[in-house]
Amino acid sequence: MDKNTFILLVDRYLNGTATKAEKELVDAYCDRLEGVPPAAMSPEEEAALEKLMYGRIMTGIRRKPLRRAILWYAAAAMVVLVAGGAFFLMRPSTPAAPLARAERFRNDLDPGSDKAILTLADGSTIALGGEDADTIARQGGASIYQPTAGALEYQAAEPEAPVFNTLTTPTGAQFRLVLSDGSKVWLNASSSIRFPTAFPNGERLVELKGEAYLEVSKDAIRPFRVVAKGMTVEVLGTHFNINAYDDEPAIRTSLLEGAVRVVKNGQTRTLSPGQQASLLPNGQLRVEDGVDMSAVTAWKEGRFVFNDASIAEVMRQVQRWYGAEIIYEGNITHHFVGSLPRNLPVSRLLEMLEMTGRVRFLIEGNRITVKP
């Protein structure tokens with residue numbers, strides 16, 4: 001069992017979706033922890049425990065219910081440190097005595113919420129995210145609704161020339177959009193999408209900045225195209241995710257269902273489900289197989305998933321979701337693996353990362369300082 005399988009197993013146990021055999025496996029692990037404190041376990045003991053856990057899930061041996069104290073540790077174990085891939089789970093190191101919580105976290109930051117700004121064709125704006133409403137505007141032959149507090153829907157009704165609207169999420173926000181052809185868009189924090197109020201004959205074209213997950217309605221006559229930082233993703237009907245933030249090292253297109261074609265500077269790659277195309281800073285378009293799509297789309301499901309992520313990768317997500325300014329003091333080379341809900345206040349998330357013993361944080365106003 002690799003480290004990511006173990007993390008997902010504990011995650012399913014905690015959210016109530018684990019199978020009977022998986023529950024029994026976690027119970028066996030917690031039985032072991034009751035007898036030996038985690039900090040006292042040697043690497044050899046951890047390897048033996050891994051073997052035991054794998055055997056238990058294969059045989060489905062019934063074990064007694066998980067204890068409350070051990071449940072807490074299992075939750076903490078979902079954020080673990082990876083060092084050279086030597087072990088699937090490493091014990092936290094012993095850090096220097098930290099400052100008191102009140103001194104480190106002088107205030108807290110709330111998680112993001114459903115809100116956005118809609119910019120109409122004439123440049124006027126509408127703040128979204130409050131209570132649902134009936135028709136909030138009419139644009140280019142389409143009626144615009146807010147069916148729920150976190151979603152916007154376009155319904156083409158009149159044969160008028162379409163015009164372009166833009167939906168923008170600030171830091172600490174996300175929103176959902178249904179285009180006039182029925183295609184669905186989930187827009188992550190610090191992102192925007194520019195789209196026509198109705199799609200003319202010939203093609204469907206939108207422009208994206210930031211990150212979005214799309215479920216495109218099938219239409220064999222009108223292909224759907226997403227343009228992100230000069231790269232074009234072409235589809236007929238499919239489910240995929242595009243990450244095109246300016247501060248990310250690559251533009252990543254990840255395919256969950258169907259097929260897409262990625263085009264940039266004469267390079268063309270066609271993706272199959274489970275593949276990810278990355279446009280690198282040098283202009284190279286690279287395709288990777290077997291990508292963990294549950295990690296790619298975790299943000300859409302309300303979770304942080306760190307899959308061997310550097311501290312910079314982790315904190316870029318923190319910055320967007322909590323609207324924080326990130327400051328680094330010192331060099332942190334260790335990588336993190338973990339799964340946590342996105343509805344936590346930032347202090348809870350940071351405390352879980354601190355449990356690895358490899359990083360410390362200070363919160364002052366809107367600023368988070370990261371220290372080894």
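**Entry 1: helix α8**

I started at helix α8 and looked up its covered residues: V346, S347, L349, L350, M352, L353 and E354 are buried. The helix spans residues 346-354, and with 7 of its 9 residues buried I noted it as mostly covered. A reminder to myself: an α-helix has 3.6 residues a turn, so residues three or four places apart point the same way. I should also say up front that I am working with a predicted model.

**Entry 2: the whole protein**

Next I stepped back to the overall picture. I looked up the secondary structure and found 8 helices and 25 strands. The protein has 372 residues, and 48% of them are buried. For contacts, I took residues at least 6 apart in sequence; 55% of those contacts join residues at least 24 apart. The exposed surface comes to about 17100 Å², and carbon and sulfur atoms supply 51% of that area.

**Entry 3: E234**

Is E234 buried or exposed? I placed the residue before checking: E234 sits in strand β14, which covers residues 231-235. Its relative accessibility is 16%, and because the cut-off for buried is under 20%, E234 counts as buried.

Then I asked myself which side chains make polar contacts with the side chain of E234. One is the side chain of R225, at 3.4 Å. Another is the side chain of R261, where the polar contact is 2.5 Å. Leaving aside residues up to four places away in sequence, I listed what E234 touches: F224, R225, A259, V260, R261 and V263. Both arginines from the polar contacts, R225 and R261, turn up in that list.

**Entry 4: the largest pocket**

I finished with the pockets. Rolling a probe the size of a water molecule over the atoms shows where empty space is left. The largest pocket has a volume of about 820 Å³. It is lined by 34 residues, and those closest to its centre are R252, A295, V296, E313 and Q317.

Which elements give two or more residues to the lining of the largest pocket? On the strand side I noted β15 (239-244), β16 (251-257), β19 (276-279), β20 (285-288) and β21 (303-310). The helices are α6 (293-296) and α7 (311-322). Strand β21 gives the most to this lining, with 7 residues.

Last, I sorted the lining of the largest pocket by residue type: 13 residues are nonpolar, 9 are polar and 12 are charged. Among the residues closest to the centre, I can pick out R252 and E313 for a first look on screen.

How values were computed
Residues numbered from 1 in each chain as written. Predicted model: local features only at pLDDT ≥ 70, side-chain atom pairs only at ≥ 80, totals over all residues. Heavy atoms only, no water. Helix = DSSP H or I, 4+ residues; strand = E, 2+ residues; numbered from the N terminus. Buried < 20%, exposed > 50% of the residue type's maximum accessible area, 1.4 Å probe, protein only. Contact = heavy atoms within 4.5 Å. Areas by Shrake-Rupley, 256 points an atom, 1.4 Å probe, with all protein chains shown as cover. 1 Å grid on protein atoms, 1.4 Å probe; cavity = no way out; pocket = protein on both sides within 12 Å on 5 of 7 lines; lining within 4 Å. Points joined across faces, edges and corners; volume = space filled by probe spheres on them. Nonpolar A, V, L, I, M, F, W, Y, C, P; charged D, E, K, R; others polar. Polar contact = N/O pair within 3.5 Å; in protein donor to acceptor, adjacent residues only side chain to side chain.
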